[in-house]
Amino acid sequence: MIPFERLPPGFAERIDAPPDPPAEARPAATAVLLRDGSAGPEVLLLRRHRSSGFVPGAYVFPGGRVDAADAAPAALELLDGREPDAEPDASYIIATVREVFEETGVLLARDVAGRSAPDARAPEVARWRAALLEDRATIADVLAALGLRVAAADIVYCAHWITPVAEPRRYDTRFFLARLPAGAEASVDEREMTDAVWLRPADALERFRAGLLPMVFPTVHTLESLTPFASVTDALDAFRRCVVTPILPRLVRRPDGVAIVVEGEGQPNEKGSHP
């Protein structure tokens, strides 16, 4: 059970009046950005504005909707090491790269020599970030202009969550793990986010349970899945071997909070914050 005070404002109330028919679940991509810290792997969490239309005030991973330009041939041609029939569609990976760059200034790409891309502290990269945010450029334009390509092996598919039908805005979201490039620093786009923190998954969960870090179920579940790993490499290697299946949870309002129900074989499995 997640108590009401640990959820974003208005989240629980929406369960009582679900849209009929349910909203369409739009394709989206989310990146769990990881770095090695002195006490183990750390993840980047961003806090959404309280005026945001989706999970306002919650701490989330960088991400957003898949745009038409993410599936354009010019963008897909800049993705290396990708099998044509691999899951999910390659546009989700391109969207992940774009969303991370827009929201954090970090480019998950390499040059022809295999060197990590500079981040938005470099003036030229900052100009391209502004152009992308202002719809004056696509992610394909950015990568091509900076001489960069995306290695599919660097971005690891780890989860597939579909927003519950009670939500007025729904997303069919693919989650990916990615290592923070060497020397890169995240700088938040203040138009969408109000805070950014690097935390060990266990520390983030402790703050969440203390009511200090509002999050929603997929974020909590993902953090829990990362707690066993001693390094970023360990986490990436483990998830490369995993088979990802879609999760469409059902939310149930209880007297003191909200529970999540994930339908599986046999009886529904109710475990509060994660399936």
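Start by selecting Arg35 and Glu42: Glu42, in strand β3, is the bridge partner of Arg35. Keep in mind as you click around that this is a predicted model.

Now widen the selection to the two strands around that pair. β2 and β3, the latter spanning residues 40–48, run antiparallel to each other and share 4 bridges. Look at the turn end as well: β2 and β3 make a hairpin, with 2 residues between them.

Keep β2 on screen, since there are further pairings to see. Colour residues 25–37 for β2 and 170–179 for β9; these two strands pair in the parallel sense, over 10 bridges. For a single spot to zoom in on, pick Leu34, whose bridge partner in β9 is Arg179.

Next, add β5, residues 63–65. Its pairing with β2 is antiparallel and counts 3 bridges. Centre the view on Ala29 here, and you'll find Gly64 of β5 as its bridge partner.

Time to leave the strands for a helix. Select α3, residues 123–133, and show side chains for Val125, Arg129, Ala131 and Leu132, which are buried. Why do these four end up on the same side of α3? Because they cover an arc of only 160° around the axis. Spin the helix to the face turned away from that buried side, and there you'll meet Pro123 and Arg127, both exposed.

What do the buried residues of α3 pack against? Bring up α2 (90–104) and α4 (139–145), and you have the two helices in question. Before moving on, step just past the end of α3 to Asp135, which has a positive phi, near 60°.

Last stop: Leu7. Go to the loop between β1 (2–3) and β2, and you'll find this residue there. Is Leu7 buried or exposed? Its relative accessibility is 7%, so Leu7 counts as buried; the cut-off for that label is under 20%.

To see what surrounds Leu7, show Ile2, Met215 and Val258: these are its contacts once you set aside neighbours within four places in sequence. Then draw a distance from the C-alpha of Leu7 to the C-alpha of Phe217. The two residues are 210 residues apart along the chain, yet those atoms are separated by 9.4 Å.

If you'd like one view to save, go back to β2 with β9 in parallel alongside, then switch on β3 and β5, each of which pairs with β2 in the antiparallel sense.

Terms used: Residues are numbered from 1 along each chain as its sequence is written. This is a predicted model: local features need pLDDT of at least 70, side-chain atom pairs count only at pLDDT 80 or more; totals for chains, interfaces and linings use all residues. Side-chain values use heavy atoms; hydrogens and water are left out. Two strands pair if DSSP finds at least two bridges between them. Buried means under 20% relative accessible area, exposed over 50%, partly exposed in between (1.4 Å probe, protein chains only). The arc is that of the directions from the helix axis to the C-beta atoms. Contact means heavy atoms within 4.5 Å.
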